[in-house]
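Q: I would like to take a close look at a single part of this protein, and I would be glad of a careful explanation that a first-year student can follow.

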Amino acid sequence: MQDLIELYRGLDRKDECILNAIFDNMWDFEYVPVHAIARECGISEEKIELALKKLGGMRITENKYTEYLGASFTFKGLSVFSLKRLVNKNAVSMLGNIMGEGKESVVYNAMSERYGEVVVKFHRVGYPSFKKVKEKRDYGSLHYTVLTVRSAKREYNALKKLYGYASVPQPVAWEGNAVVTRLIDAKELFRVKISNPGDVLDMILEEIKKMYARGIIHGDLSQFNILVNSDGVWIIDFPQSVDTKDPMAQEYLERDVKNVLDYFERTYRLKKDLKEVMKYIKDET
């Protein structure tokens, strides 16, 4: 956390302009050329090169000579850039401690003058993940951090579509690889021993049904991204969500439901028929 804040404080206006230029052009270049950055910032190429050397030393940018000198974000740099934008739009006022860290994200608690206690999730989908996705989708020669931005945007859009209809965190803002949501005071399902597993399972299945009715399938649902407390259940983590019209939608839905049913059978010896539950969720009963 301290490292991220120190990098944030170490940026000047010229650095911010360079990072904005890289973000604006990362959809067209794997490494954004110095001349494109210079044109957007109104600064000479020589000064841009010096600034990139500094940003590279801070591990904010990845600079590379191909046919030209160009730059892309590191994941740390993309996170600093995203944090800067969130602060500028008053979505985040203070970054707190790390709440959780996995292969594809780092989650911080934070404060917002506008929204109170919030959660900031920095997506960091890695190069191996990008290679797998690139085999299925045409990303051309784009830098792999593009996938990270798209992952964050997909999650934010899913939450916007679901909030008010299903029990999901309230989405506050999205910038770059960061998604901000209101804090939910609850624990992951796998961390608690519940006294009414049948009721909780029914609530979870009802939320899956509501999401399906809104055209969204979670895509990676398990006991690790279901929150519970005395007030109910919430579903979190939507970077792998898919539309119900997706060709793989039914396979993803069945996998989500099976993950939940398997957990309750394994942990609480509570069994439900997968086919019957699928009919209920798709309103085919």
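In which helix is E207 found, and what surrounds that part of the chain?

A: Since this is a predicted model, everything that follows describes computed coordinates. E207 is found in helix 8, a helix that covers residues 197-213 and is one of the 10 helices that the protein has along with its 13 strands. Is E207 buried or exposed? The relative accessible area of E207 is 6%, and because buried means under 20%, E207 counts as buried. In this respect E207 belongs to the 47% of the 285 residues that count as buried. If its neighbours within four places in sequence are left aside, E207 is in contact with A166, S167, V233 and I235.

Helix 8 also has a partner, helix 9, which covers residues 249-268. The axes of these two helices come within 11 Å and cross at roughly 175°, and because an angle over 145 degrees counts as roughly antiparallel, helix 8 and helix 9 are roughly antiparallel to each other. On the side of helix 8, the contact is made by P197, V200, L201, I204, L205, I208 and Y212, while helix 9 contributes Q250, L253, V257, V260, L261, F264 and Y268.

Turning to the whole protein, residues 24 or more positions apart account for 60% of the contacts with a separation of 6 or more. The C-alpha trace spans about 65 × 40 × 30 Å along its principal axes, and the protein exposes about 14900 Å², of which carbon and sulfur atoms supply 47%.

Definitions and conventions
Residues are numbered from 1 along each chain as its sequence is written. This is a predicted model: local features need pLDDT of at least 70, side-chain atom pairs count only at pLDDT 80 or more; totals for chains, interfaces and linings use all residues. Side-chain values use heavy atoms; hydrogens and water are left out. Helices (H or I, at least four residues) and strands (E, at least two) are DSSP runs, numbered from the N terminus. Buried means under 20% relative accessible area, exposed over 50%, partly exposed in between (1.4 Å probe, protein chains only). Contact means heavy atoms within 4.5 Å. Accessible areas come from the Shrake-Rupley method with a 1.4 Å probe; for residues, only the protein chains shown count as cover. Axes are lines fitted to C-alpha atoms, for helices over the stretch in contact, and angles run from 0 to 180 degrees between N-to-C directions. Angles under 35 degrees count as roughly parallel, over 145 as roughly antiparallel, 65 to 115 as roughly perpendicular and the rest as oblique.
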